[in-house]
Amino acid sequence: MRDMKSLKYLIVCFLVVLSGCTGEPAQTLTGETMGTIYTIKVVASDDLSDLQREVDLELKRINQLMSTYIADSAVSLLNKSPLDEQVEVPADLITVLRLSEEIHNITKGAFDVTVGPLVTLWGFGPDQKFLNVPSPIQISQAQQRVGMQHLKLGASSVSRSVDLYVDLSGIAKGFAVDRLCELLDRNGFQNYMVEIGGELKTSGKNDRGTPWIIAIEKPESLKRSIFRTLPLRDLGMATSGDYRNYREVDGNRYSHLIDPKSGMPISHNLVSVTVLHSSAAIADALATALNVMYPEQGMVLADEQNLAVLFIIKDDDGFVEHRSLALEKYLVDSW
């Protein structure tokens with residue numbers, strides 16, 4: 001999946017390297033997928049050649065399901081299907097669409113895999129064309145093609161009641177991370193970290209016998225530095241931000257994150273959202289949705305849903321972090 005929207009996850013999660021390694025080494029597998037890089041660190045002395053091949057085959061399979069850059073992928077064929085006709089789709093695609101619908105409902109529409117027409121209108125789609133700031137009429141016309149209510153999900157089939165364009169870039173990388181973790185579990189590995197384009201999940205401990213320590217990047221467009229670290233064990237983590245992927249027109253800044261309800265790029269001072277969850281796919285989708293929402297609304301939702309969330313907000317004095325109650329508890333109990 002060539003996923004140009006992976007830029008919305010440019011808050012890079014680093015594995016913090018500590019000194020004093022003991023026990024089995026942490027071996028690294030890496031490669032390209034979904035328009036980005038994957039990295040897998042496995043604490044094991046085994047030869048991982050077979051595992052590397054299995055990983056690449058699984059990622060190729062998921063790409064063939066969910067990439068809008070592959071003309072005959074399952075999602076591309078769905079996007080070309082006749083209206084009001086039930087189309088049989090693979091089980092994993094149904095799973096991701098149902099999960100997307102669930103997050104859509106939880107976030108009151110802030111996460112919407114049908115937002116593609118608006119993203120394209122604002123120049124952040126696959127062709128990256130941006131001629132002028134869209135007019136209210138153009139925005140309204142694009143919104144007629146947006147909305148999960150127009151996507152009807154059956155047990156193994158899907159139909160579109162309007163000319164929707166389903167784009168799974170806000171959840172597919174997290175889903176792939178979860179699937180790779182299941183692959184590692186089946187192969188008997190217990191201590192590992194899987195990361196695809198900034199979405200990640202860990203299991204067990206690192207090669208030092210401690211939780212995996214993940215760093216969140218400070219949300220600055222011109223340089224990279226660490227804002228804070230989080231200990232991670234048996235959890236997925238995703239970060240969403242817009243501080244590097246935006247356009248400027250006549251001195252106005254337009255984010256690549258589009259609010260499906262207003263049809264407009266977000267314009268609030270929430271610059272980064274990190275979500276911890278047992279599912280990397282859910283963390284992926286929630287991070288996007290919470291970044292679209294205003295920070296006050298997002299924090300209310302996080303506490304209502306018992307979500308472990310870190311917000312980074314830009315104010316006149318710099319960057320300030322706000323943590324949900326679930327994250328506060330996690331930071332106390334994680335060690």
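Which backbone oxygen does the side chain of Gln 143 reach, at 3.4 Å? Hold on to that one for a moment, everyone, and let me set the scene.

Thanks for coming. What we have here is a predicted model, so please keep that in mind throughout. The chain has 335 residues, and 57% of them count as buried. There are nine helices and 16 strands in it. If you take the contacts between residues at least 6 apart in sequence, 64% of them join residues at least 24 apart.

Back to the opening question. The side chain of Gln 143 reaches the backbone oxygen of Pro 260, and the distance is 3.4 Å. Gln 143 belongs to helix 5, which covers residues 136-143. Its relative accessibility is 23%, and the cut-off for buried is under 20%, so Gln 143 counts as partly exposed. Setting aside neighbours within four places in sequence, Gln 143 has contacts with Leu 118 and with Pro 260, Lys 261, Ser 262 and Gly 263. Leu 118 is 25 residues away in sequence, yet the C-alpha atoms of Leu 118 and Gln 143 are 6.9 Å apart.

Now let's go to helix 6, residues 172-186, and look at two of its packing partners. Begin with helix 1, residues 49-66. The axes of helix 1 and helix 6 are 10 Å apart, at an angle of about 145°, and the crossing is right-handed. On the helix 1 side, the contact is made by Leu 51, Glu 54, Val 55, Glu 58, Leu 59, Arg 61, Ile 62 and Met 66. Helix 6 answers with Ala 172, Phe 175, Ala 176, Arg 179, Leu 180, Leu 183 and Leu 184. Sorted by class, this contact of helix 1 with helix 6 has 11 nonpolar residues, four charged ones and no polar ones.

The second partner is helix 7, residues 280-292. Here the axes of helix 6 and helix 7 are 7 Å apart, and the angle is about 165°. Angles over 145 degrees count as roughly antiparallel, so that is the description helix 6 and helix 7 get. This crossing, too, is right-handed. From helix 6, the contact uses Ala 172, Lys 173, Gly 174, Phe 175, Val 177 and Asp 178, and from helix 7 it uses Ala 280, Ala 281 and Asp 284. By class, the contact of helix 6 with helix 7 divides into five nonpolar, one polar and three charged residues. If you have the model open, find Ala 172 and Phe 175: they are in the contact with helix 1 and also in the contact with helix 7.

Just ahead of helix 6 is a loop that follows strand 6, and Asp 167 is found there. Is Asp 167 buried or exposed? With a relative accessibility of 11%, Asp 167 counts as buried. A polar atom of the Asp 167 side chain lies 3.0 Å from the backbone nitrogen of Ser 169.

There is a loop ahead of helix 1 as well, between strand 3 and helix 1, and Leu 48 lies in it. Leu 48 is buried, at 5% relative accessibility. Beyond residues up to four places away in sequence, Leu 48 touches Gln 27, Leu 29, Val 42 and Phe 189. The C-alpha atoms of Leu 48 and Gln 27 are separated by 8.3 Å, with their positions 21 residues apart along the chain.

Next, two spots for those of you who like backbone angles. Asp 234 is not a glycine, but its phi is positive, near 55°. You'll find Asp 234 in the loop between strand 10 and strand 11, and at 46% relative accessibility it counts as partly exposed. Asn 306 also has a positive phi, of about 55°. Asn 306 lies in the loop between helix 8 and strand 15. How does Asn 306 rank, buried or exposed? Asn 306 is exposed, with a relative accessible area of 61%.

Last stop: helix 8 itself, residues 295-304, which holds Gln 297. Gln 297 is partly exposed, at 47% relative accessibility. The C-alpha atoms of Gln 297 and Thr 107 are separated by 9.7 Å, although their positions lie 190 residues apart along the chain.

That's my tour. Happy to go back to any of these places with you on the screen.

Note on methods. Residues numbered from 1 in each chain as written. Predicted model: local features only at pLDDT ≥ 70, side-chain atom pairs only at ≥ 80, totals over all residues. Heavy atoms only, no water. Helix = DSSP H or I, 4+ residues; strand = E, 2+ residues; numbered from the N terminus. Buried < 20%, exposed > 50% of the residue type's maximum accessible area, 1.4 Å probe, protein only. Polar contact = N/O pair within 3.5 Å; in protein donor to acceptor, adjacent residues only side chain to side chain. Axes fitted to C-alpha atoms, helices over the stretch in contact; angles between N-to-C directions. Parallel < 35°, antiparallel > 145°, perpendicular 65-115°, else oblique. Left-handed = near helix turned anticlockwise from the far one by under 90°. Contact = heavy atoms within 4.5 Å. Nonpolar A, V, L, I, M, F, W, Y, C, P; charged D, E, K, R; others polar.
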